[in-house]
Amino acid sequence: MPSPLYLDTGRFGQTTVNAQAAQRDFVRFTGEEGLTLYTQMFLREGFQAWPDELQRRYPGLRHWRGINEFRGALRRFAGADPDCRIHIAARTTQLMKSAARLLTTRCKSILCTDLSWPHYGCLLRRAARRRGGRLVQISLNDSILIKRVSVERIVNHIVERFARHGCDGLFLPVVSHQGIRLPVNDIVDRLNQVRPVRCVVLDGAQAFAHVPFDGILSRCDMYIA
């Protein structure tokens, strides 16, 4: 088996011409107009809902079609089902708090690893404590980066610890903040063969638009990006 793939996704790439124009015109609009009812109209309904005068003055924003269209675009990009619910937040911390509530409501014992963003682990631990649940954290970072343990051994270790501790929930990063890509599909499939997984939450913040979904959404209850 090959060693885990190290994937550097922490670099901000070049901004497209359309994105540059949108950024410039949005900053110009908020500076010249302020946060008015036109701002709410634009965000909710899109560029076409604006009066002709505003459309002529801020053409860089013409590609924005409103929140609902944005949700639809995300569904199509991810290959999700039409009825898949999309939650939008200003900060991923808010999404993680929702994920922690979901996991700790459905599950009594949740498995996570030291590959997750540390603050996410703190949020999950607090939520589990409030609901009388348990968080089981296993160490993988040194095994992957220093000992170069194979993918097969990593998967086996996760499955063994999940079964030994009687876990029923799972929280994993698809790609860690250090660039380690986990074979989450294989992990979830193997776990379900051993014991039912009641809730799976995946952190795709470093994977979104970098790693193909390849059936990931069908294996989790919530995907954060």
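Start with Trp-64: at 23% relative accessibility it counts as partly exposed. The cut-offs are simple: under 20% relative accessible area is buried, over 50% is exposed, and partly exposed is in between, with a 1.4 Å probe and protein chains only. Phe-70 falls into that middle class as well, at 32% relative accessibility.

Before going further, keep in mind that this is a predicted model, where local features need pLDDT of at least 70 and side-chain atom pairs count only at pLDDT 80 or more, while totals for chains, interfaces and linings use all residues. Residues are numbered from 1 along each chain as its sequence is written, and side-chain values use heavy atoms, with hydrogens and water left out.

**Overall layout**

The protein chain has 9 helices and 5 strands. These are DSSP runs numbered from the N terminus: helices are H or I with at least four residues, strands are E with at least two. Along the sequence the order reads α-α-α-α-α-β-α-β-α-α-β-α-β-β. The C-alpha trace spans about 65 × 35 × 30 Å along its principal axes, and 40% of the 225 residues in the chain count as buried.

**Aromatic rings**

A pair of aromatic rings is described by the distance of the centres and the angle of the planes. Here, rings of Phe, Tyr and Trp (its six-membered ring) pair if their centres lie within 6.5 Å; planes under 30 degrees apart are stacked, over 60 edge-to-face, and the rest tilted. That rule gives 12 aromatic pairs. One of them joins Phe-29 and Trp-50, a tilted pair with 4.9 Å centre to centre and 45° between the planes. Phe-29 sits in helix H1 (residues 17-33) and Trp-50 in the loop between helix H2 (37-45) and helix H3 (52-57), so this pair ties together parts that are 21 residues apart in sequence. Both partners, Phe-29 and Trp-50, are buried. Trp-64 and Phe-70, the residues from the opening, make another tilted pair, with 5.7 Å centre to centre and 45° between the planes. Ring pairs link Phe-26, Phe-29, Phe-42, Phe-47, Trp-50, Tyr-58, Trp-64 and Phe-70 into a cluster.

**Helix H1**

How far should the 17 residues of H1 span at 1.5 Å a residue? The expected value is 24 Å (1.5 Å times one less than the number of residues), and the end C-alpha atoms of H1 are indeed 24 Å apart. Ala-21, Asp-25 and Phe-29 are the buried residues to look at in H1. They cover an arc of only 65° around the axis, which puts them on the same side of H1; the arc is taken from the directions from the helix axis to the C-beta atoms. Gln-23, Arg-24, Val-27 and Gly-31 are exposed on the other side of H1.

**The largest pocket**

Rolling a probe the size of a water molecule over the atoms shows where empty space is left. On a 1 Å grid over the protein atoms alone, points where a 1.4 Å probe fits but cannot get out make a cavity, while a pocket is an open set with protein on both sides within 12 Å along at least five of seven lines; lining residues have an atom within 4 Å of a point. Points are joined across faces, edges and corners, and the volume is the space filled by probe spheres set on them.

The largest pocket holds about 1,100 Å³ of space. Its lining has 31 residues, with Cys-84, Arg-85, Ile-86, His-87 and Tyr-223 nearest the centre. Helix H4 (67-78), helix H5 (92-106) and strand E5 (222-224) each supply at least two lining residues. Which classes make up the lining of the largest pocket? The split is 19 nonpolar, 6 polar and 6 charged residues, where Ala, Val, Leu, Ile, Met, Phe, Trp, Tyr, Cys and Pro are nonpolar, Asp, Glu, Lys and Arg charged, and the others, Gly among them, polar.

**Some individual residues**

Ile-180, in the loop between strand E3 (169-173) and helix H9 (184-194), is buried at 1% relative accessibility. Thr-113 belongs to strand E1 (residues 109-113) and is buried too, at 2%. Gln-94 lies in helix H5 and is partly exposed at 38%.

| C-alpha pair | Apart along the chain | Apart in space |
|---|---|---|
| Ile-180 and Leu-115 | 65 residues | 8.0 Å |
| Gln-94 and Asp-214 | 120 residues | 26 Å |
| Thr-113 and Leu-35 | 78 residues | 42 Å |

Backbone angles next. Arg-148 has phi near 55°, a positive value in a residue other than glycine, and is placed in the loop between helix H7 (141-145) and helix H8 (151-164). Ala-209 has phi near 70°, again positive in a residue other than glycine. Ala-209 is in the loop between strand E4 (199-203) and E5, and is exposed with a relative accessible area of 56%.
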